[in-house]
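Please open the model in your viewer and keep the selection tool at hand. The stops below go from one selection to the next, with a short account of what to look for at each.

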Amino acid sequence: MKVDFNIDIHHLPRVEGHGDIRISVKDGKLADAKWAVVETPRFFEVMVKGLSAERVPFLTSRICGICSISHSLASIRSLERAMQITPPETARIIRLLAMHGETLQSHALHLFFLAAPDFAGTPSAVPLLQSHPEVVEAGLMLKELGNELSIATTGRATHPVSLVLGGVSKAPSKQRLAEIKQMIADRKPMLDKATEFFKTLTIPDFVRETEFISLYDGESYPYIGGDLVTTDGVRRDENDYLAMTNEYTVDFSTSKFTKVSRESSAAGALARFNNNYDLLHPQAKAAAEAFGLKPVCHNPFMNNVAQLVECHHLVADAEEIIDRLLDDDLKDIKADYKPRAGAATGAVEAPRGVLYHYMETDESGKVVKGDCIIPTTQNNANIHYDLHALAEQSLAQGKSEKEVEKLCEMLVRSYDPCISCSVH
Amino acid sequence: MNHLGFDIEKLKIGSFDFTCCEGCQLQLANKESTLPEFLALLDIRNFREISSERLDDYDIALVEGSITRQDEVERLKAIRAQAKVLVAYGTCACFGGMNAQKNKFPKEECIRTVYGDKQIDTMQESHKISDFVTVDYSIPGCPVNKEEVERIVVSIATRSPIALPKYPVCVECKQRLNTCLFDLGEVCLGPISRAGCDAVCPSGKTVCLGCRGPADGINYDSFVQLVKDKELSTDEMNEKLAFYNGFTEYLNHEG
């Protein structure tokens, strides 16, 4: 059957920020498919100019309301490397626990409240409160656990207070850490239950080969710093971030596109999984096995499953980190430093993938140049070309306009895009 | 919904975002332990970030973000036309927020630095929403404090008076028995900034940057004198005062 239709989803719901899906079909054939970001830019790279280095993480954390800890730590890492500051080991561990809290919170928000309604066929998670109360409750309890970790380690769930150059300004109390450890023990069964629920969902069958990028250090699953690697065998130093991004603009998007060796690349949970499978906690590997998820997986819808697998890793690893902190006197948390001129990149694995901040300082410790490349920016081209391939595959399978529209929405949501972050 | 023996109608609410990080809307889904009770007060008609259902019969509009492009002005005015009560939600909506740190750079420089030769539509300044529409209530904060949001939403639902604390952050900071950051040699905006955040930043041993704007009846000159008496940097003070755009009237006085 030859059909003509246009899919024009203005401000796609259940994602962070403002992006449009535009698909045009003529005579039953795909004429055009676009991922068009229409978000307003805020110009962070300009705002950091002239700002004191110590104030920068408090500015850049505001790039994103979901992954503010990652932005704060990317700026801190770039500025510490630029000004040759070495944070104490205790601070390094506290920061890692903060990242775990943020990633758990972000993954739970996405999986249970943004993505799950697609699979259940509801407009939001609110109707799921009636139909699947135990799943929604598990989602809320895991999100709360993530937030409690962030609050204990940084003072607040969104826009961290105590992450500063040189370390952290305040250590979490041991009493609070012990309480959170208990909370983890209590909530692990909920994660297992939620995993059973996600196993009952049908993940769309779609594959488009791509190049997955992430951090890698060969010692632990990546969060803060490391080499930049891809599944195509590229490996570079953290400071070589420009060679990993090659940003360019397109006329239909206020968010830039990037690429490495192919026309597009992908960052995020699935990319981390594909590059670092061996470094996952055994409990997370067991979860992956239950879904048949193995590296290298090229189905973008499996990013949802990779996030769930990472939740298992985060919870298990957080328990071990808390034990280390409970054995620590938590006194050596901040290094003294003097401002100096320098330049460096700070790379971290934000919930949605590898995030780069590059900062240059002058002798007085003021920033003279800044650059931020966001995970979702590094996914834009992949989303764009995936939409094209998915729409073509769906039309070849004889799917209706409504089915194509729903699949395309689900595809974009699988990337868990953080759009205002990507435009910044 | 029953409150003290009275039936309360659910609030038909819409939540909208403009130029921002969406972190304030995210707070609506935080504080998970009281979330079911909080949601029981609300009939969510329009909230793109969490629901695909978009209905335009809301009475209360929470508006997050600052205004930086003309199409946002039109969208904001349409929301104002529909809403019986419009709330400026978060520091960006209330004051222009940290987005306004770009205001001191010409917009051509902003566009060239980030996009090179690509054409980008943006205003010279990041505006607070009251530059374009009448605002009924303001809930400042970067991000907003969910406890305060809960209190205000309950007040709207029960038709009780709504007020923000008039006193400065120092009051809450002292209640938490923190060491004063001025005594540790730092310029903190706690003495002149509006409380209601439970002094979350100084309690984490970092300075208040005034995200909630000025408290009522502040003695700004005396604050500047305090910074000078302590021999602290007025450049640093000015950088902090400009951080969230909440103190523009005072900064202009200072020249």
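Begin with the boundary between the two chains of this predicted model, by selecting the residues of chain B that touch chain A: 44 residues of chain B are in contact with 42 residues of chain A. On the chain B side, the elements that give two or more residues are α1 (23-28), α5 (107-115) and α8 (200-203), and α5(B) supplies the largest share, five residues. If you colour this side of chain B by residue class, you should find 17 nonpolar, 15 polar and 12 charged residues.

Before moving on, colour by confidence: chain B has a mean pLDDT of 94, with 98% of its residues at 70 or more, and for the complex the predictor gives an ipTM of 0.96 and a pTM of 0.97. Where pLDDT is low, the predicted coordinates should not be read in detail.

Next, select helix α6 (residues 133-154) and helix α7 (residues 174-199) of chain A, whose axes come within 9 Å and cross at roughly 150°. How do the directions of α6(A) and α7(A) relate, parallel or antiparallel? Angles over 145 degrees count as roughly antiparallel, and α6(A) and α7(A) are therefore roughly antiparallel to each other. The crossing of α6(A) past α7(A) is left-handed. To see the contact itself, show side chains: from α6(A) the contributors include A:V135, A:A138, A:L142, A:L145 and A:L149, while those from α7(A) include A:L177, A:I180, A:I184, A:L191 and A:F197. Charged residues take part as well, among them A:E134 and A:E148 of α6(A) and A:R176, A:R187 and A:K193 of α7(A). By class, this contact of α6(A) with α7(A) comprises 15 nonpolar residues, one polar residue and five charged residues.

Now turn to the sheet near the start of the chain A numbering, selecting β1, β2 and β3 of chain A, which form an open, antiparallel sheet of three strands in the order β1-β2-β3. Its edge strands are β1 (5-9) and β3 (29-37) of chain A, each of which pairs on one side only, and the twist from one strand to the next averages 5°. Strand β2 (residues 19-26) of chain A is joined to β1(A) by five bridges, the two running antiparallel; to follow the register, pick A:I9, which stands opposite A:I21 in β2(A).

Keep that sheet displayed and add two helices of chain A. Helix α12 (residues 375-396) lies across β2 and β3 of chain A, at about 155° to β3(A). Helix α13 (residues 401-414) lies across β1, β2 and β3 of chain A, running at about 35° to β1(A).

For the last stop, select β10, β11 and β12 of chain A, an open sheet of three strands in the order β10-β11-β12 with antiparallel pairing. Because β10 (342-350) and β12 (367-373) of chain A each have a single partner strand, they stand at the edges, and one side of each is left without a neighbour in the sheet. Neighbouring strands here are turned against each other by 15° on average, direction ignored. Strand β11 (residues 353-361) of chain A is connected to β12(A) by six bridges in an antiparallel arrangement, and A:D371 in β12(A) is the bridge partner of A:Y358. Finally, add helix α3 (residues 68-82) of chain A, which lies across β10 and β11 of chain A and runs at about 150° to β10(A).

Technical notes: Residues numbered from 1 in each chain as written. Chains lettered and ligands numbered in written order. Predicted model: local features only at pLDDT ≥ 70, side-chain atom pairs only at ≥ 80, totals over all residues. Pairing = 2+ DSSP bridges. Helix = DSSP H or I, 4+ residues; strand = E, 2+ residues; numbered from the N terminus. Axes fitted to C-alpha atoms, helices over the stretch in contact; angles between N-to-C directions. Contact = placed C-beta atoms within 7 Å. Parallel < 35°, antiparallel > 145°, perpendicular 65-115°, else oblique. Left-handed = near helix turned anticlockwise from the far one by under 90°. pLDDT = per-residue confidence, 0-100.
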